[in-house]
Structures are given as C-alpha cells and as structure tokens.
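Got the viewer open? Let's take a walk through this one, starting with a charged pair and working outward from there.

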Amino acid sequence: QIQLGHQWNNSTWATSLQATRASSTYRDVAGLQDSQHMRSSGRAIVSYHHRSLGSFNLGALYLRNSDMAAQRYAIAGWSRPFGQQGSVSLNLNHDLDDHKKSQLQLTFNWFFEQRINVGSSLTRQDGRSTANVFASQSREGDLGWGWSANAQSDGAGQARLDYSAPGYEA
C-alpha cells in the first residue's frame, strides 16, 4: 500500500490532497474480516474561511473497493459558529454516478456549560427527508457520568449512559 498527501493552510485558505493505492493482495487488519477491501481512494478539498460569513469548502472524493465499481463524489459545505455557544452547517455529498445516493444535510448545534450539546439535523437523500434531534453530555475529563440520546423522524432512536471512575469503567 502507498499513501501520498499534502496539506496547506493559513488563516483564510486551506487545501488538502490525499491518495491511497493498494495492491490486490494487500490486507490491513480490518480487511481480514471482510472480503472487500479498499483498492484506491483520493480526496481533494479547498476551504475558505471568512470571519463573518463562516467557512466554505469544495472538493472531490474517489473510492474504489476490490469488487465494486468506483464511487465518485463532489462535496460542498458551509459552516458558521455563533460565538462559543453554537453552530450551523450545510453539507452536500453529490454522487456523480447515482444521483439518488446524493445527500444534503442541514445541522444546528448548541452548547451549554461546555459539556452539554443539543442539536438537530435535517437530511434529504433518495427523495426522502429525515429529521433528527440529539442531546449529549460528555464526562468531565475522563471521570464521571456521560449520556447521549437521539430520535429520528422515522422512529429510530437510541440512548446511552456511561460512568467512569478511577480504575473502573462501566
């Protein structure tokens, strides 16, 4: 396997180029569990940050598994913070070969007391829209209680509660 990449940024612009190529016999640890493995991938992204308007990015993504046709995506996004408390983002992943697999997502996040995050997202893909609401509280440092919950408009959802003490993980 060979990997090449380059990243550059300043306070306004950023670029990222990455490429990976593997021989047909190459397997990493994850590949031992699955008959399909990544043969090649590539990514090129350019980003622009404006203090008032937020951050914008444009890019291209290429993925090829061993037994599947290549997947090609054009990606675009915008995000803007609201002080230290919140953010909004809009992202498009456009499948260049199968437009039905393209995805548009709008996300809102709000932070309380540095550890609590609440938000919502609206996703449009394959002619369907899905709304999601979520909330979480991270553990303070690596100790204490943490939790998360989310619910989707299609009826799916989940909740999690965890606790960590010195020398103990539950």
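**A turn, its neighbours and some salt bridges**

Asp126 and Arg128 join their side chains in a salt bridge, at 3.7 Å from N to O. Keep in mind that this is a predicted model. Opposite charges on side chains can pair when the charged atoms come close. Of the two partners, Asp126 is partly exposed at a relative accessible area of 40%, while Arg128 is exposed at 56%.

Now look at the backbone around Asp126. This residue sits in the loop between strand E8 (116–125) and strand E9 (128–137). The two strands make a hairpin with 2 residues between them. Most residues other than glycine have a negative phi. Asp126 goes the other way, with a positive phi of about 55° even though it is not a glycine.

How many bridges join E8 to E9? There are 10, and the strands run antiparallel. To see one of these pairings, pick Ile116 and look across to Gln137, its bridge partner in E9.

Step back along the chain and you meet another hairpin, made of E7 and E8. Here there are 3 residues between the strands, and Glu113 in the turn has a positive phi of about 50°. E7 and E8 run antiparallel and are joined by 10 bridges. Leu106, for one, has Leu122 in E8 as its bridge partner.

Just ahead of E7, in the loop that follows strand E6 (86–95) and leads to strand E7 (103–112), you'll find Ser102. Is Ser102 buried or exposed? At 13% relative accessibility it counts as buried, because the cut-off for buried is under 20%. Setting aside neighbours within four places in sequence, Ser102 is in contact with Asn93, His94 and Asp95, and also with Arg124, Gln125 and Asp126. That brings us back to Asp126, the residue with the positive phi.

Back to charges: the whole structure holds 4 salt bridges. In one of them, the side chains of Asp97 and Arg72 meet at 2.8 Å, N to O. Asp97 is in the loop between E6 and E7 and Arg72 is in strand E5 (residues 71–82), so this pair ties together parts that are 25 residues apart in sequence. Both ends are partly exposed, Asp97 at 46% and Arg72 at 37%.

Then there's Arg160 with Asp162, whose closest N and O atoms are 1.7 Å apart in the model. Arg160 is partly exposed at 42% relative accessibility, whereas Asp162 counts as buried at 13%. Salt bridges with shared partners join Arg139, Arg160 and Asp162 into one network.

Finally, swing round to the nonpolar side of things. Which residues form a nonpolar patch on the surface? They are Trp8, Trp13, Val46 and Leu58, with about 400 Å² of accessible area together. Leu58 belongs to strand E4 (residues 54–65) and counts as exposed at 54% relative accessibility.

Ala14 is a handy probe of this region. It lies in strand E2 (residues 13–21) and is partly exposed, with a relative accessible area of 23%. Leaving out residues up to four places away in sequence, Ala14 touches Trp8, Asn9, Ile45, Val46 and Ser47. Two of those names, Trp8 and Val46, belong to the patch. Ala14 is also 9.0 Å from Asn57, C-alpha to C-alpha, with 43 residues separating the two in sequence.

Conventions. Residues numbered from 1 in each chain as written. Predicted model: local features only at pLDDT ≥ 70, side-chain atom pairs only at ≥ 80, totals over all residues. Heavy atoms only, no water. Helix = DSSP H or I, 4+ residues; strand = E, 2+ residues; numbered from the N terminus. Patch = residues over 30% accessible without salt bridge, like charges linked within 9 Å, V, L, I, M, F, W, Y side chains within 5 Å. Areas by Shrake-Rupley, 256 points an atom, 1.4 Å probe, with all protein chains shown as cover. Buried < 20%, exposed > 50% of the residue type's maximum accessible area, 1.4 Å probe, protein only. Contact = heavy atoms within 4.5 Å. Pairing = 2+ DSSP bridges.
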